[in-house]
Amino acid sequence: MTSRETIALLAVGLPSLTAILVAVAPRRAVQPVALTGLGLAGLAAIVLSIVALADPGQLEVSDWVVIDAAGGLMVGVVGLVALASAIASPAYLDTAPSGLFGATNGPRAYYAALAAFVAVLTAVPLAGNLGAAWLLVEATTAASAILVGLSGKPRALEAGWKYLLLTSLGLGFSLLGIVLLASVTPGGTLELLSWRSLSADVPAGETTLVAFLLVLVGLAAKIGWAPVHNWLPDAHSEAPPPVSALLSAALLPAVLLVAWRVERALEPAVGADTGRVVLMGFGLLSLAVAVPFLWRPLAWKRLLAYSSLEHMGVIALGVGFATPIALAGVAVHIVGHAVAKALGFYAATPLLGHEPRSAGHAVTGIARTQPALGTTMGLSLGTLAGLPPSPLFLSEILIIAGGFEAGHPWAATGAAALLALGFVGLAHALVETTGGSTRRRERAEAPGLGAVMALSAAASLILLVLAGAAFWLPDTDIVEALVKGLG
Amino acid sequence: MLALVAFGTAVVATRRATLHQLLGIVMVENGLVLGAIALPGGASLAIELGVALDLTLIAIVAMVFHERIFAEFGSGDTAMLETLRD
């Protein structure tokens with residue numbers, strides 16, 4: 001076993017172990033055990049990411065496990081968000097209603113499901129074959145649906161049910177595509193569908209094309225690409241904030257990575273143009289669907305959810321363009337979006353205590369009554385809007401430039417126009433949310449603000465470093481490895 | 001096999017009871033199992049066990065939701081689950 005595989009085993013094993021320990025620990029020990037376990041798991045994932053990105057040219061590819069630059073990057077993002085979600089969890093549990101499992105077992109159920117979710121989520125980018133990737137993605141549904149419905153409120157139950165049903169149905173279609181792929185592959189077993197054997201063994205033909213589309217449409221339901229995104233705003237707005245952060249910042253891009261691997265692996269069979277056009281189509285459609293919602297006064301977490309839809313669209317365009325510049329943009333975009341979006345969701349806990357109306361309505365003037373909270377929300381929203389010096393501004397420019405370079409001027413122009421419209425919508429929301437007029441009591445309490453402020457400071461630092469990295473990244477080995485893929 | 005998948009999808013789309021929707025999902029998966037069995041090389045044991053485990057988990061989670069929805073709304077009619085929209 002190589003050192004990378006050992007760290008990967010730790011990164012997946014630690015949260016799994018945490019889930020088991022939390023389930024059997026005495027009641028008082030639940031929170032310390034869970035936070036320690038999740039913290040260590042997050043660190044292991046970040047270490048794996050650093051090791052993988054430090055030497056991006058070196059690949060670890062077997063039939064079951066893949067550790068490459070793209071997977072390393074994604075594992076790092078999952079670890080970072082898991083770590084931050086662990087820090088933000090106690091404040092949420094202090095304010096949360098007892099929920100689905102009652103006051104005594106509520107925290108235990110929450111932490112056990114959270115740790116299990118983190119474990120499968122960390123494993124998704126490392127899956128070495130299509131069957132295993134499908135299994136892990138389906139497992140994230142089971143773990144996270146219970147977390148979405150955990151508060152037990154009617155709205156949360158509705159959101160959790162929709163999420164469970166739509167994503168399992170979508171993944172059913174993916175599995176149909178996988179079975180079709182296996183049936184056209186010589187030998188015809190599910191075991192052979194490792195990423196490399198997909199590119200080498202799957203013959204071209206209409207069945208392959210249909211299978212490819214089925215797999216991608218099913219995964220799109222999980223990524224939240226339009227037009228199969230209906231569950232996304234509901235689940236993200238009703239889940240506990242630390243879980244919303246994991247869903248939006250880690251789960252969506254991790255599944256997107258699976259879709260990207262499928263497209264890359266099947267390029268020889270379905271044609272590079274066809275595969276990339278499908279990704280670009282999902283990207284443009286998601287952008288077009290998301291942008292009108294960014295113009296409307298939405299509740300804080302719903303606004304963030306529609307912004308996720310927008311950003312998944314941008315990433316889809318980037319991987320569809322597939323030039324080195326566009327992929328450098330994708331790398332920066334995934335990390336920047338994760339940090340800013342997770343921070344925005346963490347801010348929802350103190351926000352709800354400060355202004356209870358924020359659960360269902362757009363709120364205004366938070367910076368007038370709680371300057372620290374308002375600043376955090378402004379930082380998150382400004383970064384997501386792509387307000388310079390936001391790293392997302394730079395990554396969007398890289399991706400659009402990549403589109404022109406790849407010879408898709410129309411897609412790139414359309415994306416630029418939609419992003420500009422989205423920017424105006426979010427900038428307006430930014431001004432209203434932080435500085436708008438309000439009749440709220442001065443300095444009303446905001447529970448759990450301390451943890452959010454600490455995360456906010458860390459996030460600003462990461463975002464600044466990332467904005468610098470966006471200038472340096474396009475010429476590095478990391479991008480070269482992303483372009484090369486597993487080939 | 002395709003008929004079973006299509007029928008299961010139709011059940012999920014048209015039935016309003018939570019239990020029937022869950023049965024629709026199970027029906028789709030049943031169709032897929034038929035397809036996987038028909039593969040010339042068969043499905044690998046690891047994948048097959050994984051699918052079984054995943055589906056059990058999904059069904060358990062769905063049953064938790066089903067029971068809570070009954071307790072909260074008094075019925076499993078998904079027409080009542082339409083409060084979240086923009």
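# Two chains, one predicted model

Hi everyone. Let me start with the small partner: a compact globule of 86 residues would have a radius of gyration near 12 Å, but chain B has 16 Å. Please keep in mind that this is a predicted model.

So what does chain B look like in secondary structure? Chain B has three helices and zero strands, and its pattern along the sequence reads α-α-α. If you draw a box along the principal axes, the C-alpha atoms of chain B fill roughly 45 × 25 × 25 Å. How much of chain B is buried? Buried residues make up 33% of its 86 residues. Now look at the contacts in chain B with a separation of 6 or more: 50% of them come from residues 24 or more positions apart.

Let's turn to chain A. How does its radius of gyration agree with the compact globule rule? For 487 residues, the rule gives a value near 23 Å, and chain A has 21 Å, which agrees. The C-alpha trace of chain A spans about 70 × 55 × 40 Å along its principal axes. Its secondary structure comes to 20 helices and two strands. In chain A, 64% of the 487 residues are buried. And of the contacts in chain A with a separation of 6 or more, 81% are between residues 24 or more positions apart.

Next, the place where the two chains meet. Chain A brings 38 residues to the contact, and chain B brings 35 residues. Which elements of chain A give two or more residues to the side that touches chain B? They are α5 (130–148), α6 (154–184) and α9 (231–238) of chain A. If you want to find one of them on your screen, try α6(A), because the largest share of that side, 17 residues, comes from there. By class, the side of chain A that touches chain B divides into 21 nonpolar, eleven polar and six charged residues.

Now let's go inside chain A and look at how some helices pack. A quick reminder for the newer members: two packed helices are described by the angle between their axes and the distance between the axes.

Our first pair is helix α10 (residues 241–270) and helix α12 (residues 300–321) of chain A, which pack at an angle of about 20 degrees with their axes 11 Å apart. Angles under 35 degrees count as roughly parallel, and therefore α10(A) and α12(A) are roughly parallel to each other. Their crossing is right-handed. Who does the touching? From α10(A) we have A:S244, A:S248, A:L252, A:P253, A:L256 and A:W260, and they meet A:K301, A:L304, A:A305, A:S308, A:M312, A:I315, A:A316 and A:V319 in α12(A). Sorted by class, this contact has ten nonpolar, three polar and one charged residues.

Helix α12(A) also packs with helix α17 (residues 391–405) of chain A, at an angle of about 40 degrees and with their axes 9 Å apart. Are these two roughly parallel or oblique to each other? α12(A) and α17(A) are oblique to each other. The crossing of this pair is left-handed. On the α12(A) side, the contact is made by A:V314, A:L317, A:G318 and A:F321, and on the α17(A) side by A:E396, A:I399, A:G402 and A:G403. This contact has four nonpolar, three polar and one charged residues.

Let me finish with two single residues that you can click on.

The first is A:I400, which sits in helix α17 of chain A. Is A:I400 buried or exposed? A:I400 has 24 other C-beta atoms within 10 Å, and a residue counts as buried at 20 or more, so A:I400 is buried. Leaving out residues up to four places away in sequence, A:I400 touches A:A412, A:A415 and A:A416. For a long stretch across the chain, pick A:V65: its C-alpha atom and that of A:I400 are separated by 33 Å, and the two residues are 335 apart along the chain.

The second is A:V277, found in helix α11 (residues 272–294) of chain A. With 14 other C-beta atoms within 10 Å, A:V277 is partly exposed. Do you remember A:F321 from the contact of α12(A) with α17(A)? A:V277 and A:F321 are 44 residues apart along the chain, and their C-alpha atoms are separated by 8.6 Å.

That's my tour. Thanks for listening!

Methods:
Residues are numbered from 1 along each chain as its sequence is written. Chains are lettered from A and ligands numbered from 1 in the order in which they are written. This is a predicted model: local features need pLDDT of at least 70, side-chain atom pairs count only at pLDDT 80 or more; totals for chains, interfaces and linings use all residues. Two residues are in contact if their C-beta atoms, placed from the backbone, lie within 7 Å. Helices (H or I, at least four residues) and strands (E, at least two) are DSSP runs, numbered from the N terminus. Ala, Val, Leu, Ile, Met, Phe, Trp, Tyr, Cys and Pro count as nonpolar, Asp, Glu, Lys and Arg as charged, and the others, Gly among them, as polar. Axes are lines fitted to C-alpha atoms, for helices over the stretch in contact, and angles run from 0 to 180 degrees between N-to-C directions. Angles under 35 degrees count as roughly parallel, over 145 as roughly antiparallel, 65 to 115 as roughly perpendicular and the rest as oblique. A crossing is left-handed if the near helix is turned anticlockwise from the far one by less than a right angle, and right-handed if clockwise. The radius of gyration is taken over C-alpha atoms; the globule rule is 2.2 Å times the number of residues to the power 0.38. A residue is buried if 20 or more other C-beta atoms lie within 10 Å of its own, exposed if 12 or fewer, and partly exposed in between; C-beta atoms are placed from the backbone.
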